[in-house]
Amino acid sequence: MLRSCAARLRPLLVAHGRPGGARLTSTFSFEEVTQKDHALPKPSWSKDLRLLFDQFMKKCEDGSWERLPSCSRHSVQRFQNFTKAFFSGSIPVKEEQISQAKFFPRSFEDGLGFEYAMFWSKDEKRIVCLFQGGLYLQGIPGFLHGGALVTLIDTTLGTHAMLAGGAVMTANLSINFKRPMPLCSVGVINTQLDKIEGRKLFVSCNIQSVDEKTVYTEGTGKKLLLSSCLASSLSLSPSFFFSFVLVYNPHMPINF
Ligand SMILES: CCCCCCCCCCCC(=O)SCCNC(=O)CCNC(=O)[C@H](O)C(C)(C)COP(=O)(O)OP(=O)(O)OC[C@H]1O[C@@H](n2cnc3c(N)ncnc32)[C@H](O)[C@@H]1OP(=O)(O)O
């Protein structure tokens with residue numbers, strides 16, 4: 001089974017100039033050049049968000065943490081390869097629409113929607129997502145819409161599951177809204193991987209205020225790996241596995 005899985009993935013990696021097992025920095029860097037990295041400070045970021053971002057960038061200096069770059073759209077090639085690999089090549093939108101499609105959390109104008117940056121700790125195996133919810137994300141007056149919070153929770157938990165296991169889809173998400181979160185305030189999402197059962201990854205997180213005094217929301221999610229052979233390939237050949245994940249995840253570190 002592993003051999004057939006590897007055979008299925010190899011053409012995709014070669015198509016990106018990435019033979020299985022090789023480090024993939026050069027091709028991904030090329031995409032970085034052509035696509036804007038949104039997980040960097042902007043004028044619309046509040047002082048709180050900048051301060052937290054700077055603190056985590058400091059933690060990155062010794063290599064224990066890594067900032068995850070984030071772009072707003074996939075290249076047409078990446079899109080097509082993803083659907084070929086996991087949905088039998090049936091592209092769900094018209095060919096001409098592919099280049100127009102945007103990653104939902106990155107689809108708002110600067111400062112009006114989600115502003116966020118994720119950091120990954122390889123040792124602690126967790127993600128911290130620093131974010132600020134803009135004026136277009138209002139629910140009840142003055143507070144963030146619950147759906148907006150769920151979007152960012154799903155995105156952060158999905159990224160964690162991808163880093164832990166490979167391409168995933170959300171099968172189940174459970175949310176507890178504990179306190180309303182003020183519009184334009186800054187929140188911190190902390191994730192953890194609770195367990196893996198076969199293709200199922202159980203991940204959870206909460207959203208806290210910057211001073212850690214308020215827990216706004218808690219979330220637990222069940223993510224399903226899209227291919228059962230990917231998890232087992234991780235234990236045999238991490239570099240091959242990571243090279244695959246790098247192709248598909250817009251939040252993946254450049255130098256994994
Ligand atoms: C591109 C880079 C972007 C990267 C960007 C970074 C992250 C972005 C995050 C966004 C994520 C999304 O929005 S995803 C979009 C929202 N989600 C979806 O549209 C998913 C739609 N659902 C599906 O496609 C499917 O139901 C799947 C893939 C989830 C599962 O189908 P399947 O593969 O056929 O699996 P199946 O045999 O049914 O079940 C396998 C096991 O999982 C359990 N299971 C299945 N569904 C559920 C469920 N809803 N709740 C609990 N458990 C479930 C079953 O009981 C079974 O357990 P057992 O018997 O083995 O014990």
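**Note on the cavity, the cores and two serines**

1. A search of the whole structure, which is a predicted model, turns up one cavity of 30 Å³ or more. The space in this largest cavity comes to about 40 Å³.

2. The residues that line the largest cavity are Phe-114, Phe-131, Gly-133, Leu-137, Leu-144, Ala-148, Leu-149 and Leu-152. Two elements, strand 3 (126-133) and helix 5 (146-165), each give two or more residues to this lining, and helix 5 gives the most, with three residues. Sorted by class, the lining holds seven nonpolar residues and one polar residue, while charged residues are absent from it.

3. The largest nonpolar core has 23 residues, and those that touch the most other members are Tyr-116, Phe-131, Leu-144, Met-181, Ile-189 and Ile-207. Strand 2, strand 3, helix 5 and strand 6 (200-209) are the elements that give two or more residues to this core, and helix 5 supplies the largest share, six residues. A reader may wish to note that Phe-131 and Leu-144, named here among the core residues, also appear in the lining of the largest cavity.

4. What does Ile-207 contact once its neighbours within four places in sequence are left aside? Its partners include Phe-131, Leu-149, Ile-153 and Met-181, together with Gly-187, Val-188 and Ile-189, and also the run of Thr-214, Val-215, Tyr-216 and Thr-217. Of these partners, Leu-149 is also one of the residues that line the largest cavity.

5. A second core, separate from the largest one, is made up of 14 residues, with Trp-45, Phe-53, Trp-65 and Ala-117 among them.

6. Is Ser-70, which sits in the loop between strand 1 (65-68) and helix 4 (76-86), buried or exposed? Ser-70 counts as buried because its relative accessible area is 1%, which is under the 20% limit for that class. The side chain of Ser-70 is also joined to the side chain of Arg-106 by a polar contact of 2.9 Å.

7. Ser-107 belongs to the loop between helix 4 and strand 2 (114-121). Ser-107 is classed as partly exposed because its relative accessibility is 32%, a value between the 20% and 50% limits. The side chain of Ser-107 reaches the backbone oxygen of Phe-104 at 2.6 Å. Ser-107 and Trp-120 are separated by 13 residues in sequence and, from C-alpha to C-alpha, by 23 Å in space.

Technical notes:
Residues numbered from 1 in each chain as written. Predicted model: local features only at pLDDT ≥ 70, side-chain atom pairs only at ≥ 80, totals over all residues. Heavy atoms only, no water. 1 Å grid on protein atoms, 1.4 Å probe; cavity = no way out; pocket = protein on both sides within 12 Å on 5 of 7 lines; lining within 4 Å. Points joined across faces, edges and corners; volume = space filled by probe spheres on them. Helix = DSSP H or I, 4+ residues; strand = E, 2+ residues; numbered from the N terminus. Nonpolar A, V, L, I, M, F, W, Y, C, P; charged D, E, K, R; others polar. Buried < 20%, exposed > 50% of the residue type's maximum accessible area, 1.4 Å probe, protein only. Polar contact = N/O pair within 3.5 Å; in protein donor to acceptor, adjacent residues only side chain to side chain. Core = buried A, V, L, I, M, F, W, Y, C linked by side-chain atoms within 4.5 Å. Contact = heavy atoms within 4.5 Å.
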